[in-house]
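Me: I would be grateful for a close look at a single part of this structure, namely its sheet. Please treat the arrangement of the strands, what packs on them, and one side chain in detail.

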Amino acid sequence: MSRVVDLSLLIEDNMPAHKLFQRPVITTHLSHESSKAFDLGVPGDAMTFQTNFIAMLDHVGTHVDAFRHVKPDGAPIDEMPLEMFMGKAVCFDLRHIPDLGDITAEDMAAAEAKAGVKVDGHIVLLCTGFHARTYPTLDSVWKNPLLTVEATQWLYDRGSRMHGVEGPSTDKPSDNIFAQHRLCRELGISHWEWLVNLEELVDKGEFQFFGVPLKFKGGSGSPVRAFAIVD
């Protein structure tokens with residue numbers, strides 16, 4: 001029987017965010033107690049409700065980058081085809097990569113062999129164990145590994161147009177080069193960032209992945225509810 005694996009980080013007030021970005025603000029807008037003042041419903045059966053105020057960037061928590069994020073004339077999130085955000089996928093076991101380490105093309109080839117799935121247009125998710133090691137400390141913002149340009153090219157050469165990582169970025173925070181993002185810009189590919197629970201997908205072979213964005217007009221990215229369906 002198939003099983004759904006939730007790969008999304010819980011969105012909450014003041015959660016950690018990328019070093020360049022503001023943390024979100026999430027608070028109660030109207031509570032069941034305060035909404036009594038509207039006198040809704042009928043005598044003996046009041047209708048109360050809760051609504052929340054949410055203020056956050058489109059690159060907080062588990063999210064996907066639109067082409068517009070790194071390319072001025074790139075497609076915004078609402079103009080990218082939905083098909084990009086779902087499909088056949090495989091998870092690579094890269095838990096030997098340390099904090100601030102480099103994921104190389106050699107690492108990718110070895111992980112492909114271990115996974116037993118030949119990458120051919122797959123979405124590739126990279127499990128480094130980083131989230132489990134660091135979240136919710138500030139290390140989760142300042143110590144994520146780098147997906148090198150050679151490893152990114154390795155994915156592109158095998159038809160992979162989308163990939164996903166743990167932590168806030170595919171580039172390490174100890175420099176401001178953003179080599180991986182710049183190569184994605186040139187190749188026309190993109191990625192999900194801050195995925196969680198990837199350990200549950202290691203050694204599962206091929207599965208179906210979904211990380212569909214909200215339809216923000218002109219959006220540079222979007223939070224997603226990412227999940228996988230595994231047999």
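Reply: A polar contact is here a pair of N or O atoms within 3.5 Å; within protein, one of the two must be able to donate a hydrogen and the other to accept it. The model under discussion is predicted.

In strand order, the open sheet of nine strands reads β1-β15-β13-β7-β9-β11-β12-β6-β14, and its pairing is mixed. The edges are formed by β1 (3-6) and β14 (221-223); each has a single partner strand, so one side of each lacks a neighbour in the sheet. On average, and ignoring direction, neighbouring strands of this sheet are turned by 25° against each other.

Two helices may be placed relative to these strands. Helix α1 (residues 105-115) packs on the sheet, where it touches β7 (86-93) and β9 (123-127), and its direction makes about 105° with that of β7. Helix α5 (residues 179-187) lies across β6, β11 (162-165) and β12 (190-193), and runs at about 140° to β12.

Strand β9 deserves separate attention. It is joined to β7 by five bridges, and these two strands run parallel; within this pair, C91 stands opposite L125 in β9. With β11, strand β9 also pairs in the parallel sense, over three bridges, and V124 is found opposite H163 in β11. Five of the five residues of β9 are buried, so the strand is largely enclosed by the rest of the structure. Both of its faces are covered: I123, L125 and C127 are buried on one side, and V124 and L126 on the other.

Strand β6 (residues 63-65) is joined to β14 by three bridges, and the two run antiparallel. In this pairing, D65 stands opposite G221 in β14.

The side chain chosen for detail is that of H63, a residue of strand β6. Its relative accessibility is 1%; because buried means under 20%, H63 counts as buried. The H63 side chain makes a polar contact with the side chain of E193 at 2.8 Å, and it reaches the backbone oxygen of G61 at 2.7 Å. Leaving aside residues up to four places away in sequence, H63 touches D58, P168, H191, W192, E193, S222, P223 and V224. E193 thus appears both among the residues touched by H63 and as its side-chain polar partner.

How values were computed: Residues are numbered from 1 along each chain as its sequence is written. This is a predicted model: local features need pLDDT of at least 70, side-chain atom pairs count only at pLDDT 80 or more; totals for chains, interfaces and linings use all residues. Side-chain values use heavy atoms; hydrogens and water are left out. Two strands pair if DSSP finds at least two bridges between them. Helices (H or I, at least four residues) and strands (E, at least two) are DSSP runs, numbered from the N terminus. Axes are lines fitted to C-alpha atoms, for helices over the stretch in contact, and angles run from 0 to 180 degrees between N-to-C directions. Contact means heavy atoms within 4.5 Å. Buried means under 20% relative accessible area, exposed over 50%, partly exposed in between (1.4 Å probe, protein chains only).
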